[in-house]
Amino acid sequence: MDAEEARIVDAVLREYGIPGVVAPEEPGSPSGPWRVYDHADRAVRRETTAQALAALAAKVRRAGPGAAARRTGGGPTRGFVVPAPED
């Protein structure tokens with residue numbers, strides 16, 4: 001995911017109350033891959049991307065059909081599936 005997608009993922013995690021810090025794998029390379037971590041401090045952080053995605057998927061599943069956002073304008077893509085905001 002790129003920096004813009006990371007910003008969206010961070011906002012969605014916060015909206016759903018899922019803990020995590022979204023940051024690039026290499027702090028000096030924001031154009032590289034981004035992940036979800038348990039802490040901002042690089043010295044003690046652990047990657048929690050899989051757990052964050054699982055928690056998000058569980059919350060979306062409980063929200064029911066049609067809760068997931070649909071990406072327009074393209075085919076398959078790698079990255080996060082972000083649910084639509086609740087109205």
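A quick word on terms before the views: buried means under 20% relative accessible area, exposed means over 50%, and partly exposed is anything in between (1.4 Å probe, protein chains only). This is a predicted model, where local features need pLDDT of at least 70 and side-chain atom pairs count only at pLDDT 80 or more, while totals for chains, interfaces and linings use all residues. Residues are numbered from 1 along each chain as its sequence is written, and side-chain values use heavy atoms, with hydrogens and water left out.

**View 1. The whole chain, with its elements running α-β-β-α from the N terminus.**
The protein chain has two helices and two strands; helices (H or I, at least four residues) and strands (E, at least two) are DSSP runs, numbered from the N terminus. Of the 87 residues in the protein chain, 28% are buried. The accessible surface is about 6,000 Å², and carbon and sulfur atoms own 54% of that; areas come from the Shrake-Rupley method with a 1.4 Å probe, and for residues only the protein chains shown count as cover. Take the contacts (heavy atoms within 4.5 Å) between residues at least 6 apart in sequence: 33% of them join residues at least 24 apart.

**View 2. Helix H1 and its two sides.**
How far apart are the end C-alpha atoms of H1? They sit 18 Å apart, which agrees with the 18 Å that its 13 residues should span at 1.5 Å a residue (the expected span is 1.5 Å times one less than the number of residues). Ala6, Val9, Asp10, Val12 and Leu13 are the buried residues to look for in H1. They cover an arc of only 165° around the axis, so they end up on the same side of H1; the arc is that of the directions from the helix axis to the C-beta atoms. Arg7 and Arg14, on the other side of H1, are exposed. Just past the end of H1, glycine 17 takes a positive phi of about 70°.

**View 3. Alanine 6, a buried residue of helix H1.**
Alanine 6 has a relative accessibility of 2%, so it counts as buried. Leaving aside residues up to four places away in sequence, alanine 6 touches Met1, Val22 and Trp34. Valine 21 is 15 residues from alanine 6 in sequence, and the two are 9.7 Å apart in space, C-alpha to C-alpha.

**View 4. The largest nonpolar core, with 14 residues.**
A nonpolar core here is a set of buried Ala, Val, Leu, Ile, Met, Phe, Trp, Tyr and Cys residues joined through side-chain atoms within 4.5 Å. Met1, Val9, Leu13, Ile18, Val22 and Leu56 have the most contacts inside this one. H1, E2 and H2 are the elements that give two or more residues to it, and H1 gives the most, with four. Zoom in on isoleucine 18 and you'll find it touching Leu13, Ala52, Ala55, Leu56 and Lys59, not counting residues up to four places away in sequence.

**View 5. Glycine 32 in the loop between E1 and E2.**
Is glycine 32 buried or exposed? With 18% relative accessibility, glycine 32 counts as buried. Methionine 1 is 31 residues away in sequence, yet the C-alpha atoms of the two are 8.2 Å apart.

**View 6. Salt bridges, six in the count.**
The rule is a side-chain nitrogen of Lys or Arg within 4 Å of a carboxyl oxygen of Asp or Glu. Arginine 7 and glutamate 4 make one at 2.6 Å, N to O. The two are three residues apart in helix H1 (residues 3–15), so about one helical turn separates them. Glutamate 4 is partly exposed, at 43% relative accessible area.

**View 7. A salt bridge between two loops, arginine 42 to glutamate 26 (3.8 Å, N to O).**
Arginine 42 lies in the loop between strand E2 (34–37) and helix H2 (49–63), and glutamate 26 in the loop between strand E1 (21–24) and E2, so the pair ties together parts that are 16 residues apart in sequence. Both ends are partly exposed: arginine 42 has a relative accessible area of 43%, and glutamate 26 comes in at 47%.

**View 8. More charged partners.**
Aspartate 38 and arginine 46 meet in a salt bridge at 3.5 Å, N to O. Aspartate 38 is partly exposed at 28% relative accessibility, whereas arginine 46 is exposed at 51%. Glu25, Arg35 and Glu47 are linked in a network of salt bridges.
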